[in-house]
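User: Could you take a close look at the loop backbone in this one, please? I'd like to see the odd spots first and then how the rest of the chain is put together.

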Amino acid sequence: EARFWGAMAEVKREVFGQMPQEKGGEVVEKFVLKSDSVKVEILSLGCIIAALETKGKDGKFSDVVLGFDTLEGYMRRHPFFGAIVGRVANRIAKGRFTVDGKEYQLFLNDGPNSLHGGARGFDKVLWSPNILPNGVCFFRLSPDGEEGYPGDLKVWVTYTLSGGVLAINYRAQTSKTTPINLTNHAYFNLAGQGSQDIYDHEISIEANSYLPVDDTKIPTGEVAAVEGTSFDLRQPVELGKHLQKFHLDGFDHNFCLQQVQARRLVARACHPPTGRAMEVHTTQPGIQFYTGNNLDGSLKGKDGIAYAKHSAFCLETQNWPDAVNKPHFPSALLRPGEEYNHTTWFIF
C-alpha cells in the first residue's frame with residue numbers, strides 16, 4: 001500500500017475486490033482521499049464514489065453517500081450509485097440522434113429511451129488510475145461504436161480533495177463528432193447514508209428556469225420559468241414540507257443554470273439537525289435534481305440497510321437532457337480537435 005502526502009490530502013490505494021471471471025477477472029482498486037474534514041473512497045470500477053465521510057457539528061464523521069460494502073453489490077443492477085455516467089448522461093429520446101447527416105441508434109434501457117450511456121456505460125467499466133499528490137485521475141478510451149456512439153473517445157476523470165472541497169474534472173477528446181455529457185451520480189443523505197428519508201433537508205438551486213418533461217422524462221423542448229411554481233428553489237425549502245405543499249412525488253428534472261462558462265454556486269443542501277451542509281459549484285449549463293423516487297427498499301446497501309424511496313438526493317451537474325435532439329438547447333456535440341472540459345466542486 002502506497003501513501004502520497006499532498007499539501008491538503010492524503011491518498012491511499014488498496015484492493016477492493018476482483019471482477020468475476022466471466023467479466024474479465026481484473027482487480028478493482030479503491031482510492032482513499034483524506035483531509036482533516038472529508039474522507040472519500042473512489043473505485044476504479046465506474047469511478048464510483050463508494051463512500052464520502054464528512055463531519056457533523058458534533059465533530060463525528062458520517063458516510064453521506066449510498067452504495068455497497070462489497071464489489072458484489074456494485075456488480076448487480078443498481079441505480080448508478082456514485083458512478084460516472086456517460087458517454088451521455090441522462091436521456092436521449094428513442095435512443096436516436098443524427099450527426100453530420102448520419103443517424104445513430106442506441107440501446108433502449110429506459111422505456112423508449114436511452115439512459116446514462118446505454119447497457120454498459122462508463123459506470124460499468126474499469127478505468128486506469130493515475131495517483132496525483134491530492135487525488136486520482138482515471139482514464140479510459142471508449143472505442144468507436146461503443147454502445148452505438150461514433151468516434152474513439154478519450155476520457156479523463158480527475159478527483160481531487162483539498163480541505164472540504166472535492167473537485168471532479170471531466171475532460172474528453174474524440175476522433176469523430178459525438179454527443180457527450182458527463183456527470184457523477186452520487187446519492188447523498190447528509191443525515192448519513194441509511195437514514196430513512198431526506199425530508200428534513202433544506203435545498204436551494206440557483207435557477208430561474210427548468211425543463212418540463214413528458215411522461216417518459218424527456219424534455220418537451222420548453223424552457224419554463226420557475227417563478228410561482230414548485231420548481232422555484234431559489235430560496236431554501238424544507239424538502240418534505242415542499243413536496244407535501246405541492247403534492248409532488250419528488251423531483252427528477254433539469255434546472256437551467258446561467259449560460260456562462262465560469263464556475264458558479266448552483267445548489268446548496270443542508271441538514272440542520274447534524275449541521276452538515278454541501279454546496280455545488282460547476283461550469284456546466286444544467287443540474288439534474290433527483291430525489292430518489294425510484295428507490296423502493298428492494299436494494300440493500302451498506303450495513304444491509306434497505307434504501308427506501310426519498311432516502312437520498314442527487315445533484316447531477318450536466319448538459320441539458322436530450323440536447324442532441326434539441327437544436328435550441330446548449331450544444332451536446334464534441335468535434336475532433338476540440339476538448340470537452342468541465343469541473344464540478346462539492347464543498348462540505
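Analyst:
**Loop backbone, close up**

R87 sits in a loop, with β7 (84-85) before this loop and β8 (91-92) after it. Strands here are DSSP runs of E with at least two residues, helices are runs of H or I with at least four, and both are numbered from the N terminus. Before going further: this is a predicted model, in which local features need pLDDT of at least 70 and side-chain atom pairs count only at pLDDT 80 or more, while totals for chains, interfaces and linings use all residues. Residues are numbered from 1 along each chain as its sequence is written, and side-chain values use heavy atoms, with hydrogens and water left out.

Back to that loop: the peptide bond joining G86 and R87 is cis, with omega at about 5 degrees. Most peptide bonds are trans, and most residues other than glycine have a negative phi.

Two further loops are worth a visit for their phi values. K217 has a positive phi, near 70 degrees, and belongs to the loop between β19 (209-210) and β20 (224-225). Its relative accessibility is 33%, so K217 counts as partly exposed; that class lies between buried, under 20% relative accessible area, and exposed, over 50%, with a 1.4 Å probe and protein chains only. D322 also has a positive phi, near 60 degrees, in the loop between β26 (314-318) and β27 (333-334). With 3% relative accessibility, D322 counts as buried.

Now for the chain that carries these loops. Its secondary structure amounts to two helices and 28 strands. The chain is as compact as a globular protein of its length, because its radius of gyration of 19 Å is close to the 20 Å given by the globule rule for 348 residues; the radius is taken over C-alpha atoms, and the rule is 2.2 Å times the number of residues to the power 0.38. Along the principal axes, the C-alpha trace spans about 55 × 50 × 40 Å.

Inside, 57% of the 348 residues are buried. The largest nonpolar core has 60 residues, and those with the most contacts inside it are Y159, I205, F255, F289 and F313. Strand β14 (residues 153-162) gives this core its largest share, five residues. A second, separate core of 19 residues includes I48, A83, Y290 and A312. A nonpolar core means buried Ala, Val, Leu, Ile, Met, Phe, Trp, Tyr and Cys residues joined through side-chain atoms within 4.5 Å.
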